[in-house]
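Got your viewer open and your selection box ready? Let's take a short walk through this one, stop by stop.

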Amino acid sequence: MSKEKIVLCEDLADVMPPEYHELVESATFGNQDRGWKDIGSSKELIEQHSLCAGCPESIAFRYILASLPTPEDTVFVGSTGCTSLVFPHVAVHNIHSLFGNQNAVASGLKRTLKSRFPDVEKDVVVLAGDGATVDIGLDMTMQSWFRQEKFTTICFDNELYANTGGQESGLMQKGFVAKMAPKGKNFEKVRLAEIAREAGCAYVAVLTVSKPNRVEQAIKNAVLVAREVGPTFVQLYTPCILEIGKQSMEGLDEMKDAESIGGRFVQKEYITDEAQKLLDSIKEETKARKQAAKKPVNA
Amino acid sequence: MNKQVELKNKRVIASNHVKLGQKNQKGQTYTDINDIFYKAKQTPNFLTGSEVIRAAIKVASVGTSVAYPITPQSEAAALIGELYAEGYVDEYFRGESEFAVMGQCAGAAFGGHRVFTTTAGPGTLRAMENFPMWAGARLPIQVCVTCRGINSPLSIQPDTLEMYYLLETGMLIWHAETAQDLFDFILKGFIVAEQPDVHVPIAVCCDGFFVTHTKDTVDLPPDDLCLTPYDPYRNPQPVMDMETAPIRMMRDPFIMKSNYISYATHASWQQEVKAAVERSRKHTIPLLDGLIDEENTDREILIVGSGTAVSQAREAIRLLEEEGIKAGLVKIKTIRPFPYEEVRQATKNAKHIFVPEFNLAGWLAREIKANIPDNERVYVGPHVAGGMTMPSEVIVEEIKKHLGMEVATRGTLG
């Protein structure tokens, strides 16, 4: 879709909600240098969220939507959980079908969009929680990587089933006492990033959402590598402050602790040589384009 | 609902966003469904049911097909792969389970493709969560269900019990008697399911092995004609391709709310899906020449059936006729929408109604009993299950026994 399609019908403009006017007037659809720094100075693609106050998922959503390379040609696939409560508020197409089948839906969707729009890059991005990605959906998550399906999988890892009230999940830390793990979880946190690497992901990143520039870079890398090379995976620590007994303002500290040396979420990336080569060339192109833009027109 | 539909001058127009008469990349000419069946020359072919599925898909302009092995649909699913290799299907791959396959089909349909898949028995049940999701999301995916047993211990034999589970999924459910029906239903099924005022998934069911693995003579149109492709924008829902402006769907997701508006929204959506299934009648009746077929329904003894039970009933009627007993026949082609009024009319003269079925639940008999007056006229049976055949003699004996006539001493399977 071109940005020109997001317009207002003049005859109906007076009945369109103000947030839609704002979306038409000042969203960053079509801006190839869009990023987290647009937050505050342009219309965000997320209108509101229905998450708990202070939930790190809400800021993760904002960073991700601000960082997509081409939201005007991006379709999200979600799954059941806290994230599914946010998708109705975003200004990109998104699918919720069932719990755990997100990577299966994305496989069919990506292939179809490739077939229907051979000359347009339509990005498909899966965004689901850790229960959907690792427990009920692990089969479909991994099979999509085995098949080298060209889309990005983002996992909001809050280390438990948040929406159903804090039950044990595969990505929960060992020993954590939770619902359905009354004596503490008795096996290790599943090493999903390593699984992703071994299952064929061309780009894997693990990080928290404490630093927006890092999130932006990981999301851009993942989406661009998925276009050209193969499946990509981003695991973001978005702690469920409610279920780990923190206050609304403590999410950021929790993420900073988790990413400090020795923590569970020290930032790491696995990049194949092919993906690295692509990212390097994109970096060079962007640099050249920005330099060219700085030069006077008649120089 | 259930009113007789005026059929004069009715004609279902398939998607015409690609001009009729144009050729696709395989040189096939996009042709109106009515012209494919009623104008083009039909040539007899001697084929298995699996080969018939291949023949139908070859001319169906299918975008995506996802395959998974399970007897007795594996051969058909693999033959569609050959069509993909030859360029007749745009996308095709093997999924990892029926649950995943139906999700992959959903993704393809959300993205705007015409989608076809096949499954059977345990696969149908493994996939089950997807079917109401397809209907609720208004995805006109076609799944061909080649029915087989779902019982434990493991069975691969024909049994139509799985259709019982499909009845309230919100899908159209058609039941093919023969390989010819299967060919016709697959092609016509796409056209009906994709009408904008219907736009729900369709299960084209047939009895596994009896239809899929036996050879039969089937009249086929020339394979240089094909259906016009699915037009994803004739759709009650936006296509998930970011070609239409995104909208904020709701301020508060209904799942969050425990209030009357939330309940009313979910309830009315279920009603709308049911209504969409009912609205398919006006498109189905002209294409299938009615939701039921009738033979001699003025008679007091009537056999009502669907699928291959109809073929066995037809032979049973011939055997009864040799003994001077006259019986009529009703063949039900669409289980959803159920032909309530048609069945009421067709059975109004009957004193004894027999419902032979290839399952122990007797779901067709229950449907009929629930919808006709004086339903003590319905005899629930004969039944066979677990892969048994239903010899016409068994139907004859059951009828005679029920009517108090003398039958040769033999065990019955009722």
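How many residues of chain A are in contact with residues of chain B? Keep in mind that you're looking at a predicted model. Select both chains and show the contacts between them: 34 residues of chain A meet 35 residues of chain B.

Stay on the chain A side of that interface. Pick out β1 (74-77), β2 (93-95), α3 (102-116) and α5 (138-146) of chain A; each of these supplies at least two residues of the side that touches chain B. Now highlight α3(A), since it's the one that gives the most, with 11 residues. Try colouring this side by residue class, and you'll get 15 nonpolar, 11 polar and eight charged residues.

Next stop, still in chain A: select α2 (56-67) and α7 (212-228). When you look at a packed pair of helices, the angle and the distance between the axes are what describe it. Here the axes of α2(A) and α7(A) come within 9 Å and cross at roughly 50°. That angle is why α2(A) and α7(A) count as oblique to each other. As for handedness, α2(A) passes α7(A) in a right-handed crossing.

Turn on side chains for the contact between these two helices:

- From α2(A), show Ala60(A), Tyr63(A), Ile64(A) and Ser67(A).
- From α7(A), show Pro212(A), Val215(A), Glu216(A), Ile219(A) and Lys220(A).

By class, the residues of this contact split into six nonpolar, one polar and two charged.

Now hop over to chain B and switch to cartoon. Which strands make up the open sheet, and in what order? Seven of them, running β4-β3-β5-β6-β8-β7-β14 in chain B, with mixed pairing. Click on β4 (91-94) and β14 (334-336) of chain B to find the edge strands, each of which pairs on one side only. Going from one strand to the next, the twist averages 20°.

Zoom in on β6 (142-147) and β8 (202-207) of chain B. This pair runs in the parallel sense, over six bridges. For a landmark, label Gln142(B), which stands opposite Ile202(B) in β8(B).

Last, add the helices that lie against this sheet. Select α3 (74-86) of chain B: this helix lies across β3 (64-67), β4 and β5 (115-119) of chain B, and runs at about 140° to β3(B). Then select α4 (98-110) of chain B, which packs on the sheet and touches β3, β4 and β5 of chain B. The direction of α4(B) makes about 170° with that of β5(B).

Notes:
Residues numbered from 1 in each chain as written. Chains lettered and ligands numbered in written order. Predicted model: local features only at pLDDT ≥ 70, side-chain atom pairs only at ≥ 80, totals over all residues. Contact = placed C-beta atoms within 7 Å. Helix = DSSP H or I, 4+ residues; strand = E, 2+ residues; numbered from the N terminus. Nonpolar A, V, L, I, M, F, W, Y, C, P; charged D, E, K, R; others polar. Pairing = 2+ DSSP bridges. Axes fitted to C-alpha atoms, helices over the stretch in contact; angles between N-to-C directions. Parallel < 35°, antiparallel > 145°, perpendicular 65-115°, else oblique. Left-handed = near helix turned anticlockwise from the far one by under 90°.
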